[in-house]
Amino acid sequence: MRLLLLLGCLFLVSSGWSQEITILDAETRQPIVNAVLYTADKSKTALSDFDGVCDLSKFNGTDRITISHIGYEARTATKNLFLKRGQLIFLIPQTELLDEVVMSISKWEQQKKDIPQKISSISAQSIAFTTPQTAADLLQNSGQVFVQKSQLGGGSPMIRGFATNRLVLSVDGVRMNNAIFRGGNIQNVISIDPFTIKNTEVIFGPGSVIYGSDAIGGVMNFLTLEPHFLRRDSVVVSGNANARYATANKENTIHADVNMASEKWAFITSVTYNNFDDLRMGNHGPDRYLRNTLVERQEDTDILISNEDPRDQVPTAYDQINLLQKISHRPSNNWQYDLGLYFSESSSYDRYDRLIRPNSDGSGLRSAEWYYGPQKWFMGNFQVFNKGRNRFYDGVKLTTAYQFFEESRNDRDFQDVILNKTREKVDAISANVDFENKKMGDLRLYYGGEYIYNKVHSEGSRENIESGSRESAASRYPDGASWQSLAGYINAEYKAKPNLTLLSGIRYSHVWINADFDPTFYAFPFANTTLNNGALTGSLGLSWFPTQSLQFTLNGSTGFRAPNIDDIGKVFDSEPGSVVVPNPQLEPEYAYNVEVGIKKNFKDKAVIRGAAFYTYLVDALVRRDFTFNGEREILYNGELSNVQAIQNAAKAYVYGFEFGAEIFLSNEFQLTTNLTITEGIEEDDNGDESAARHAAPTFGDLHLLWILPRLKTDLFVNYNGEISFQDLAFSERSKDYLYDLDGNGNPYSPSWYTINLRSQYKLSERITTSLTLENMTDQRYRSYSSGISAPGINLILGIGYRF
């Protein structure tokens with residue numbers, strides 16, 4: 001009986017006597033300070049403290065309380081209902097009402113309105129609404145980044161005519177680009193878990209002043225969830241659980257994260273598992289995209305069989321797990337120590353575009369197998385922050401990181417018993433120190449340094465699938481090759497007038513490469529190569545508001561990409577009948593960019609944005625015909641192949657226009673649109689011009705949103721323009737099996753559109769459901785340069801629980 005009485009008292013204490021609630025940002029989980037709580041007649045009011053905590057004891061149980069804060073949607077309910085829902089109350093940000101802050105331009109907080117360069121932010125709220133399967137889909141859903149896919153397990157972003165190793169991927173300020181980032185399409189972005197992203201910032205145009213080599217076309221900076229602290233001696237536990245299913249590839253995704261907050265310590269743990277089946281394409285579109293035949297091995301023989309359903313893209317299935325652990329310690333208001341551990345591993349996944357390649361006479365398929373081994377990524381990231389007022393800085397941030405990458409390639413020709421294998425591992429160490437100085441009146445300085453070291457491990461083998469015997473073979477890269485960089489930079493932001501801000505920056509980077517070539521399998525005309533290159537880059541821009549509702553921006557910048565191990569030392573088959581060989585005579589390529597922008601706010605009823613850009617690339621690193629020991633053809637994997645190499649071609653240039661608009665039709669209805677037009681030309685040493693391979697077709701979207709307190713619905717159209725045969729890059733014309741054929745029998749990329757419906761409904765304070773119907777008219781289409789067709793009609797169901 002005493003035990004029952006004790007339990008009853010504890011229940012009353014926990015459910016009835018506790019009068020405190022904690023008010024948190026629904027996206028960041030950070031406490032909201034000075035949230036106002038009041039009754040309808042405002043006879044009773046209260047404020048949340050530094051921990052977001054507010055005592056409701058002055059309110060009666062039936063009082064209707066409104067919780068309000070600038071920049072957040074107000075919440076109204078009775079006191080009893082707030083307490084019944086639990087002690088954690090989440091407010092949803094209204095981002096359009098805030099002076100948006102960005103981190104990626106200088107690695108410190110800056111007002112977005114002061115930035116002359118185009119930068120787009122994708123918030124956690126937007127990510128939760130669009131329910132992307134991968135981080136590549138997250139970028140594509142923004143309507144401002146084009147994404148190419150060679151298989152389901154992948155996604156290679158294209159920005160302003162550049163892609164792959166001319167873009168930088170960054171996670172919490174640490175660059176993912178490593179020494180084997182290639183010019184062909186890459187898949188590393190899928191290692192980033194969308195559920196752990198609190199904000200993604202995309203910089204359009206060169207970002208080499210801060211991010212160094214590769215930041216020519218743009219930078220994608222993924223900022224992940226952070227543990228949050230309390231300002232009192234207590235512990236608060238919160239978290240999320242999510243599940244999602246999609247019909248087009250029978251996706252099954254589960255996710256959970258838990259945050260533990262106290263005064264000096266904070267922890268967050270996240271786990272996500274994805275399982276994807278073969279992707280099903282649409283019903284209405286080019287028949288050339290159908291998967292009519294496939295290879296099956298029966299009784300030790302490869303045979304060509306009919307696909308039971310040609311719309312099923314077999315094989316494209318894979319699964320993946322993502323883990324995140326962060327630990328933060330804040331011993332005082334001026335010091336903070338953060339440890340982040342990130343891990344991602346996929347299963348093996350097939351490269352679909354290689355499996356649909358026809359053989360030389362078109363009577364069958366070239367490959368029986370072509371798949372990537374598990375893609376692994378680990379990062380350990382330790383950061384130290386100090387806020388101080390001294391002669392040299394107001395804030396300093398030291399970031400050290402270790403990353404490990406592993407990838408492999410496995411391919412076997414039709415009716416061949418030899419499976420060719422290569423496996424690559426990269427150890428990457430980096431250290432950054434970044435300073436902020438705000439003491440110089442209207443001038444703010446950001447400066448720092450960076451050191452990066454990459455070690456590449458590469459091995460090759462040939463396996464007889466019948467006997468199981470294995471022998472060594474040529475590796476993809478020189479084993480033990482190293483790439484390192486040392487750099488220093490300074491950025492300045494000057495408030496010339498209240499309506500005029502000037503930004504400028506300069507950086508010097510030095511890059512060293514060392515690689516030893518193994519002559520066992522190829523008689524290389526060199527045994528060792530070293531590169532020793534320096535690069536000076538800079539930027540200068542302004543942001544001007546002639547009126548409060550009108551903004552003009554102008555920005556000039558340079559970017560560079562130093563050759564890496566993939567450029568100087570790779571031997572691989574780029575396409576049927578061609579082999580790429582090492583070229584140790586490379587120099588860095590440089591980009592010169594100018595852009596102008598305009599933004600107009602029409603009395604908060606409509607906002608229109610536009611930007612025009614031009615980028616000129618000199619000594620461009622592109623793939624061209626080459627000779628190896630004086631020969632234009634060599635034997636590679638048993639096939640006489642045309643010799644190519646990465647070279648410093650004469651020049652390339654890209655230009656285009658970007659448009660965006662938001663129209664607020666009423667309090668509930670909103671219209672948004674994005675449009676991107678890009679043109680690009682590459683010119684080789686002979687003066688022959690070709691369309692730039694990574695210049696995307698015209699693309700955009702149009703959204704009609706209906707927003708209510710509990711319901712958000714989006715009816716939208718995605719569309720891509722056509723790329724005709726005449727405008728198709730020379731390197732793409734040889735891949736006619738990826739494209740439809742025009743009236744003359746030439747390959748081209750057709751235009752396409754999809755009609756889609758997306759909705760999110762809050763069943764309660766804790767439970768949110770989502771329903772999306774993509775490609776409602778079941779179009780069969782394939783995005784430019786992609787090897788896999790996009791999903792047909794696709795129903796996506798999701799549920800989330802917050803505690």
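In this predicted model, Thr 130 touches Asn 141 and Arg 758, once its neighbours within four places in sequence are set aside. Thr 130 sits in helix H3, a stretch that covers residues 124–130. As for how much of the residue is open to solvent, Thr 130 has a relative accessible area of 12%. That value is under the 20% cut-off, so Thr 130 counts as buried.

Zooming out to the whole chain, strands number 54 and helices eight. The radius of gyration comes out at 28 Å, close to the 28 Å that the globule rule gives for 803 residues, so the chain is as compact as a globular protein of that length. Laid along its principal axes, the C-alpha trace spans about 90 × 60 × 55 Å. Contacts tell a bit about how the chain is put together: taking those between residues at least 6 apart in sequence, 66% link residues that are at least 24 apart.

Then there is the matter of inside and outside. Buried residues make up 56% of the 803 in the chain, and Thr 130 is one of the buried residues. The accessible surface of the chain adds up to about 33400 Å², with carbon and sulfur atoms accounting for 55% of that area. On the charge side, the chain carries 78 positive and 95 negative charges, and the mean positions of these two sets lie 9 Å apart.

Note on methods: Residues numbered from 1 in each chain as written. Predicted model: local features only at pLDDT ≥ 70, side-chain atom pairs only at ≥ 80, totals over all residues. Heavy atoms only, no water. Helix = DSSP H or I, 4+ residues; strand = E, 2+ residues; numbered from the N terminus. Buried < 20%, exposed > 50% of the residue type's maximum accessible area, 1.4 Å probe, protein only. Contact = heavy atoms within 4.5 Å. Rg over C-alpha atoms; globule rule 2.2 N^0.38 Å. Areas by Shrake-Rupley, 256 points an atom, 1.4 Å probe, with all protein chains shown as cover. Lys, Arg positive; Asp, Glu negative; His and termini not counted. Charge placed at Lys NZ, Arg CZ, Asp CG, Glu CD.
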